[in-house]
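Hi everyone, thanks for coming along. I'd like to walk you through one chain this morning, so please have the sequence and the coordinates open.

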Amino acid sequence: SYTTDTKSREENKKTLENLYSLSVDITKIRRLKEWVLLQDVAYVKEIAGILQEMGADETTVANIIERCPEAILHTPAEINSQRALWQLVCQNEKQLIKLIEQFPESFFTTKYQQNQKANILFFQELGLKNNIITRFLTSAPNIFYNPVEKNKNVIETLQRNYLNLGGSEANMKIWILKLLSQNPFILLNTSTAIQENLEFLQKNDFTDQEVLQLLSKLKGFIFQLNSTTMQQSMLFSKNIFKCSDQELKQLVLKCPALLYYSVPVLEERLEGLLKEGISIAQIRETPMVLELTTQIVQYRIKKLSALGYDIKSGNLESLNGTKKDFEVTYGKIQSKKERPVFNPVAPLHIED
């Protein structure tokens, strides 16, 4: 509802004065969103007052306004409603102000307040902990903009499919909550898309148990794919690894990335590995290495080579895993290399 037409408009002097009095860096706002300064009405003092009431000091208030200048265009009533809304999941106002400072855009999107409230209550009913819901509010705010019925629909589709695939009623709640906390963006998909992707896997001879296994391994990313790209990726892998349908299925179960990544991504990663002297046979043995970007692979090979570890002759397990996993592997190889050879006949020097 704000005009962004900056021609023949002048900056609002009252807004500028109020911002100066709060030590806000106006050049930052001019660079980021100058149109905010051109609006006829702004609630600078009021919004600053609400933030201070919540415990924000002068620096924090200035920081929030600099990062999200449109905050000052909201009415105090809108912001107080938003404050009450977020307090449903925040432990206290200290935590709330910390979140606002880190994620001002998420907090100052007040357009969908009714949907936000209904979704917060729905997630709480579902059993999601408040700290997970606050994480969603800040990192995936758009899932709260959906009408609650849409989110309920997606959850019901997941629950129905989980049971149809042989999942137990007793484990269903844990499975749904884990899936959501790993990837809340599954709620942005339609029930139809979810259904189609599951049917695609079944048509490709994955058993119900294997489909369930894939859903858990893919952390819900499977719902953001479509049957065409999955088909292309599987065909690409089949040609590269020269394997039968059954062998391909086993590779996909071992490494769901073969299903998830598009052909250009798989091609680029494969090329990067081959350039390092790694063979197709090695990759087929440890396909999970394709989950890593080319840059990460190069960095890890370089580190291992410095220890005299030859990746071309060994297996690729040492390259795999998260950053933490790799550091553990690297540490083990390093200590093995540095450990002095123990001489059983050398005299032991024991101090009295």
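I'll go from the overall picture to helix contacts, and then to a few single residues.

Before anything else, please keep in mind that this is a predicted model. So what is the secondary structure made of? The chain has 20 helices and zero strands.

Let's look at the overall dimensions. The C-alpha trace spans about 80 × 65 × 55 Å along its principal axes. The radius of gyration of the chain is 27 Å, whereas a compact globule of 352 residues would come out near 20 Å. The domain assignment gives two pieces to think about: domain 1 covers 11-110, and domain 2 covers 226-337. How many Å separate their centres? Taken over C-alpha atoms, the centres of domain 1 and domain 2 are 47 Å apart.

Two more numbers on the chain as a whole. Of its 352 residues, 44% count as buried. And if you take the contacts with a sequence separation of 6 or more, 73% of them involve residues 24 or more positions apart.

Now let's zoom in on domain 1, which runs from 11 to 110. Please find helix α4, residues 58-67, and helix α6, residues 93-102. Their axes come within 9 Å and cross at roughly 40 degrees. That angle is over 35 degrees and below 65, the range for oblique pairs, and α4 and α6 are therefore oblique to each other. Who makes the contact? On the α4 side we have T60, N63, I64 and R67, and on the α6 side I100, E101 and Q102. By class, the contact of α4 with α6 divides into two nonpolar, three polar and two charged residues.

While we're here, have a look at Q82, which lies in helix α5, residues 76-86. Is Q82 buried or exposed? Q82 is buried, and its relative accessible area is 0%. Leaving out residues up to four places away in sequence, Q82 touches S106, F107, T109, T110, Q113 and Q116.

For contrast, go back along the chain to L32 in helix α2, residues 26-33. L32 counts as exposed, at 53% relative accessibility. From L32 to E46 is 14 residues in sequence, and their C-alpha atoms sit 22 Å apart in space.

On to domain 2, 226-337. The pair I'd like you to see here is helix α14, residues 227-241, and helix α17, residues 263-275. Their axes also come within 9 Å, and the crossing angle is roughly 30 degrees. Angles under 35 degrees count as roughly parallel, and that is therefore how α14 and α17 are placed relative to each other. From α14, the residues Q232, S233, F236, S237 and I240 meet V263, L266, E267 and L270 of α17. Sorted by class, the contact of α14 with α17 has five nonpolar, three polar and one charged residues.

L266 deserves a moment of its own. This leucine of α17 counts as buried, at 1% relative accessibility. Setting aside neighbours within four places in sequence, L266 is in contact with S233, F236 and S237, and also with A257, L258 and Y261. Now pick out E291, 25 residues away from L266 along the chain: the two C-alpha atoms are separated by 8.9 Å.

Next door in our tour is α15, residues 245-254. Which residues of α15 are buried? They are L248, K249, L251, V252 and L253. Among the elements covering these buried residues are α13, α14, α16 and α18.

Finally, two backbone oddities. Where does K242 sit? K242 is in the loop between α14 and α15, and its phi is near 45 degrees, a positive value in a residue other than glycine. K242 is exposed, with a relative accessible area of 69%.

The other one is D205, in the loop between α12, 191-203, and α13, 208-217. D205 is not a glycine either, and it has a positive phi of about 65 degrees. D205 is exposed too, with a relative accessible area of 59%.

That's my tour, and I'm happy to go back to any of these spots on the screen.

Technical notes. Residues numbered from 1 in each chain as written. Predicted model: local features only at pLDDT ≥ 70, side-chain atom pairs only at ≥ 80, totals over all residues. Heavy atoms only, no water. Axes fitted to C-alpha atoms, helices over the stretch in contact; angles between N-to-C directions. Helix = DSSP H or I, 4+ residues; strand = E, 2+ residues; numbered from the N terminus. Parallel < 35°, antiparallel > 145°, perpendicular 65-115°, else oblique. Contact = heavy atoms within 4.5 Å. Nonpolar A, V, L, I, M, F, W, Y, C, P; charged D, E, K, R; others polar. Domains from an automatic or database assignment. Rg over C-alpha atoms; globule rule 2.2 N^0.38 Å. Buried < 20%, exposed > 50% of the residue type's maximum accessible area, 1.4 Å probe, protein only.
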